[in-house]
Amino acid sequence: MTRRVQITKGILWFITGLAAAVTIVRFTRGLGATTVLSDTTPWGLWVGFDVMGGVALAAGGFVIGAIAHVFRRERYHHAVRPAILTALLGYAAVAVGLLYDLGLPWNIWHPIVFWNPRSPLFEVAWCVMLYLTVLFLEFLPVFLERTRFKGLYRTLLKAQLPLIILGISISTLHQSSLGTLLLIMPFRLHPLWYTPHLPELFFVSAICLGLVMVIFESSVTAWLYERRPHTAMLSGLARFAAGAIAFYLAFRFFDLWHRGNLHLAFENTFEARLFWVEIAMSALIPLVLFLVPRVRRSHTGVFVAAALGVMGFLLNRIDASGLAQVWATGTDYFPAWTEFAVSFGIVSFFALIYLFIQEHFPVEKEIVDEEEKWRQRQLFVLPRFDRLSQVWLGDRTFASRRVYSLLFVVALVLGLTLTPWQPLVEASPVQRARGGEVLRVGFPLGTVQFPHAEHVERIGKDRCGVCHHLHRPGDVGTPCTECHADLYLPTRIFDHVAHVRVLDGNRSCARCHPAEGPREAATAAKCSACHEKDMMAANEVVTRFERTDAPGYRESAHALCIACHRKEAENPDVGKPDLFRCATCHRGVEPHGEAVLEASLATAECTPHR
Amino acid sequence: MITDPCILNDVTRCIGCEECVAACKKINGLPAEDPPPRVGHSKDGLSATRWTSIFRRPGGVNVRKQCRHCLEPACVSVCPVGALQKTPEGPVIYDKSVCMGCRYCMMACPYGIPHYEWSSVNPSIRKCILCHEKLKSGEIDRPACVTACPKEATLFGSREAMLAEARRRIEAQPGKYLPHIWGEHEFGGTSVLYISNVDLSFLAWEDPEAFENEPLPERTWNALRKVPYEFLGMGAFMTAAWWIIDRRMRLEREGTVPPPSSEEKGGTDE
């Protein structure tokens, strides 16, 4: 194990720890607390990156299978096992990602029993399940190679070719069906991406992404384990990738031109810029780099081109399933950090499994041998005495395991601290009611017109406290919006810091908190203990001031107004049986204002609906 | 229950009193107070606890929004497990016990109707079901929203009768209405129709007139029905390719066929 592997694993464990924290919140608090998805953006990063991107990233498995086994290019046999392992883990990651994204993850098996063959997602679900099985059977020989199950091992080796061909067929279906998925939403997807040929485009781009991913991945493993990469194999794959990317580029632009949408790419819009960034990263730059023989022979060159390609094609999937739809929905969606944490966390977790399998099973024999040599060497390394901490440090394997655990736990705690446990809601500050005789209150402005003078007359001049139940210290008739500051969200109205300052610092705790026991809000003295005279109003609504937070404006206004209105509606002396109906106050904007009330009063049936 | 139930909304008659909203909430057991809206909530007022809403437009125009109960619903066609179903009678209904929460229906609906219980750990898709259960059992003869309307701005009947009524109203007062029935043909036709004095294309994500007589499910089905042929075709092609290449290589080894030139082999870089 080299220093590079240790550092990389440390980082991967850290990200996994963050994801673990978000996992806890996701499955106890729901999607609302862990994503910024909404009714206008029901699909986000988890679909675009984890599902759409993940499936396409794992396309290397079937592409390399076809090249090496069907077209018999023996040179690429080295790449088959790592590519199949990537595909297997990639699809497993997709399944895990789906568990996060599905609202009811315990029903993930439902497509097996409940069928709707007209749904592209049904087709994708079945293909992913079948292909996971096929990939497992394709990869099983690697686990079995050094075990006693020789019979099964030989049978599976014999079945290798049919399995690979089956895998290719299944992949063709679901790679293209992910494109079919978007065909139903011509109204959401921008015309630079939407085309009836989305299935074909998705299939071709999956082949491109599969190829660049295999190049990227073998460059990275070679760098990690400080081995010489298979130069001949990489440059050969680069040639294939160049061909596939050129075909993709030609297909995409011909399709755009054919549908007469090419001009959209040259307009000064967000989508046009996005399109060019995507095309440059996924196709143009990698293609040019791959076509230069000198770049193709250089490890760095191939790595850079492949890395760009991987990011570019992933961006394509994210665009198609999200960014290129902003145009239609007009909603800004940028994933919350929790969404990134889960997406990258799943990748990190499966990358760790990938490295583990590489180090312990004959995926690439050189890596296992090197690991074995390293372990042998460790046996002869004496424990080292660290002068600073005064302890004997064991061998590096155990030392690094301790570091990984530490990183994981630190990240977990950090994640749990940072995650918002409450669902994200839109803050809607309330404007102070305006006007003299008739106050205009609520949102949108003018929805409710409140005849203040009329109410004063009805209730009595000396009984302001019926509605104004609480004042700021020393004030009278404090407006509702001072405490109920948001239309929906509760407002905290107790300022602890200010109280501590005014009451002479820490010595004053006992004035509100009991001497024994925990000092918390529940056990503290009620505000009315001190503020009986200067804040509380004598009224029937709020008799004792016990809460340190004020409910949202709408909730409190409804509670206050409707209770009174209902009581008055039943009062025969008032003679207004419809007083509690919504339309009494919510009269709407001009010009229908009066008509609404009339209509409401006209319907004589008095069934209260609140 | 009548077959092919349909609602006709006359936008010119709606005064925006929201009696329909209250009635809908009551009959479906929804809380009177909606929870705080999420960032990015739909601006038309619909939410998981508000299945119909009055969309207030400039100039005092009130447009009632609700599920359109399309004749060929996109949401039903894309649901991978069939949790959304188009009943034989017409309304599009939802079965929570089957749903897995993929939210594909929300993506596929051209009107943005299905809404989600984002803050729940056990969330459902929520939308208008045209009071299907209660209509079917005969408990009510009209959807609650129609009964509640004090101005007859929303009418209930068979689709044919509603189309006839819409045409009659437009012909009787050609100056009052635009000569178009929204929902007659768009996306293959819907069971909630509108006549109006203003353009209502804002009800869909994109101008629905671009999709006259074009049901959305056809678009995916055109690609999906080729799936079996693609599967077999790709399998056959790969097997054939392998067989030809394998035979050629075998013959090469036996010396029957001369080895191919390096060009054919795909070339090498080294």
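**Domains, cores and a chain pair**

Trainee: How many residues of domain 1 of chain A are in contact with domain 2 of chain A?

Mentor: 28 residues of domain 1 of chain A are in contact with 28 residues of domain 2 of chain A. Two residues are in contact if their C-beta atoms, placed from the backbone, lie within 7 Å. This is a predicted model, in which local features need pLDDT of at least 70 and side-chain atom pairs count only at pLDDT 80 or more, while totals for chains, interfaces and linings use all residues. Residues are numbered from 1 along each chain as its sequence is written, and chains are lettered from A and ligands numbered from 1 in the order in which they are written.

Trainee: Which helix supplies the largest share of that side of domain 1 of chain A?

Mentor: That is α16(A), with 12 residues. Helices are DSSP runs (H or I, at least four residues), as are strands (E, at least two), numbered from the N terminus. By class, the side of domain 1 of chain A that touches domain 2 of chain A has 16 nonpolar, six polar and six charged residues. Ala, Val, Leu, Ile, Met, Phe, Trp, Tyr, Cys and Pro count as nonpolar, Asp, Glu, Lys and Arg as charged, and the others, Gly among them, as polar.

Trainee: And where do the domains of chain A run?

Mentor: Domain 1 covers 1-34 + 336-378 + 385-424, domain 2 covers 35-335 and domain 3 covers 438-602. Those bounds come from an automatic or database domain assignment. The centres of domain 1 and domain 2 of chain A, taken over C-alpha atoms, are 25 Å apart.

Trainee: What does the secondary structure of chain A come to?

Mentor: Chain A has 24 helices and six strands.

Trainee: Picking one helix, how far apart are the end C-alpha atoms of α5 of chain A?

Mentor: They are 36 Å apart, which agrees with the 36 Å expected for the 25 residues of α5 (residues 77-101) of chain A at 1.5 Å a residue. The expected span is 1.5 Å times one less than the number of residues.

Trainee: Is α5(A) mostly covered or uncovered?

Mentor: Mostly covered, with 19 of its 25 residues buried. Buried means that 20 or more other C-beta atoms lie within 10 Å of a residue's own; with 12 or fewer it is exposed, and in between it is partly exposed, with C-beta atoms placed from the backbone. In chain A, buried residues make up 40% of the 610 residues.

Trainee: Which residues touch the most other members of the largest nonpolar core?

Mentor: A:C208, A:L211, A:I215 and A:A241, out of 201 residues in that core. A nonpolar core is a set of buried Ala, Val, Leu, Ile, Met, Phe, Trp, Tyr and Cys residues joined through C-beta atoms within 7 Å. Helix α10 (residues 198-224) of chain A gives the most to this core, 14 residues. Leaving aside neighbours within four places in sequence, the contacts of A:L211 include A:G60, A:V63 and A:L237.

Trainee: Switching topic, how many residues of chain A are in contact with chain B?

Mentor: 79 residues of chain A are in contact with 70 residues of chain B. Helix α9 (residues 160-183) of chain A gives the most to the chain A side, with eight residues. That side has 43 nonpolar, 24 polar and 12 charged residues.

Trainee: Last one: where does B:P35 lie?

Mentor: B:P35 lies in the loop between α1 (19-27) and β2 (53-57) of chain B. With 17 C-beta neighbours inside 10 Å, B:P35 counts as partly exposed. Not counting residues up to four places away in sequence, B:P35 touches B:T49 and B:S119.
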